[in-house]
Amino acid sequence: MTPNKGDVIERIVRKKIGISELSRRLHVSRTAIYNWFEYGQINLETICKIGQAIDYDFTNEFPEEFANAENLKSNPLIANKGRQNEEDHSAIDYWMNKYITLLEKYNDLLIDLNYPNSKANLNHQNQEVTDYLNAG
């Protein structure tokens, strides 16, 4: 019987770091990892992530898949997908920063409402007045 992808990867993972450590590094449950290994339906992206986590190159174990991936990269439609992924990350960073700024303003407002005469609140109000005067 020919081993599936999961069997091959599991053998290497167990030699290198173990399932629990891989679970921590990939931020997935051990159950998910066991399912990957059992069913062997692991896509190339996941294989690469596992390889990065354990510092191992799986190109020798799965040469056909990596060769097919290289062929896909030369396809302009696939190449554009990579650029789209980078744009998605920058959009995520943009909205995450907007959200954090909004939370900080909300926290400042809560401080203003709950502790109107606190030293921190007075410093905050003085800074707002200074900012307003400098902007005007």
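**Exercise 1.** In this predicted model, find out how the side chains of Glu21 and Arg24 meet, and where the two sit in the helix.

*Solution.* Start with the contact: Glu21 and Arg24 form a salt bridge, with N to O at 3.2 Å. That passes, because the cut-off is 4 Å. Next, look at the backbone: both residues belong to helix H2, which covers residues 19–26. They are three residues apart, so about one helical turn separates them. Last, check the surroundings: Glu21 is partly exposed at 27% relative accessibility, while Arg24 is exposed at 53%.

**Exercise 2.** Now take Arg25: which residue does it form a salt bridge with, and what network results?

*Solution.* Arg25 pairs with Glu21, and their closest N and O atoms are 2.9 Å apart. These two also lie in helix H2, four residues apart, again about one turn. Arg25 has a relative accessible area of 40%, so it counts as partly exposed. Put the pieces together and you get a salt-bridge network linking Glu21, Arg24 and Arg25.

**Exercise 3.** Move to helix H4 and work out how Lys49 and Glu45 are placed, and whether each is buried, partly exposed or exposed.

*Solution.* First the spacing: helix H4 runs over residues 44–54, and Lys49 and Glu45 are four residues apart in it, so about one helical turn lies between them. Then the contact: they form a salt bridge, with the closest N and O atoms 3.6 Å apart. Finally the accessibility: Lys49 comes out at 44%, which means partly exposed, and Glu45 at 53%, which means exposed.

**Exercise 4.** How many salt bridges does the structure hold?

*Solution.* The total is five. Among them are Glu21 with Arg24, Arg25 with Glu21 and Lys49 with Glu45.

Terms used. Residues are numbered from 1 along each chain as its sequence is written. This is a predicted model: local features need pLDDT of at least 70, side-chain atom pairs count only at pLDDT 80 or more; totals for chains, interfaces and linings use all residues. Side-chain values use heavy atoms; hydrogens and water are left out. Buried means under 20% relative accessible area, exposed over 50%, partly exposed in between (1.4 Å probe, protein chains only).
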